[in-house]
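Reader: Mind walking me through this one? I'd like the cut-offs along the way.

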Amino acid sequence: MDDTAESGLDQPTERTTADLLEDDDEGLVEGMSRKKATLFIAPFVAIGLFDLVLLLGWGLDPLWGFMILPPILFVSVLGWIAFRTGFASDRT
């Protein structure tokens, strides 16, 4: 029985997120720079924070501010990761 097939030597290694975020000399990474991804996500963060300030200015209980802020930040981080790694551009 051949042990090389079972050891995984013939199979290509999977790329991790750290590999995707590194600068790739071969041009395999289709993502964009951190600065460009931040510029694309910044308007969404600004709109979310403006909405939060507006709601708190209307007299909403400040506890709701703590409940609204985490989803705004979470979705913004997901969007930043999607732009940074090229996931958003792969789907068009």
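Reader: Which pattern does the protein follow, read along the sequence?
Author: Ground rules first: this is a predicted model, where local features need pLDDT of at least 70, side-chain atom pairs count only at pLDDT 80 or more, and totals for chains, interfaces and linings use all residues. Residues are numbered from 1 along each chain as its sequence is written, and side-chain values use heavy atoms, leaving out hydrogens and water. Helices (H or I, at least four residues) and strands (E, at least two) are DSSP runs numbered from the N terminus. The protein has 5 helices and 0 strands, and the pattern is α-α-α-α-α.

Reader: Is Ser76 buried or exposed?
Author: Ser76 sits in helix H4, residues 62–85. Buried means under 20% relative accessible area, exposed over 50%, and partly exposed in between (1.4 Å probe, protein chains only). Because its relative accessible area is 10%, Ser76 counts as buried.

Reader: And which residues is Ser76 in contact with, leaving aside its neighbours within four places in sequence?
Author: Contact here means heavy atoms within 4.5 Å. With those sequence neighbours set aside, the partners of Ser76 are Ile41 and Val45.

Reader: How much of the span 64–83 is helix?
Author: An unreviewed UniProt entry annotates residues 37–58 and 64–83 as "transmembrane region"; such annotations may be inferred rather than shown by experiment, with feature names shortened and positions in the numbering used here. Residues 37–58 are 95% helix, with end C-alpha atoms 32 Å apart. For residues 64–83 the end C-alpha atoms lie 29 Å apart, and the helix share is 100%.
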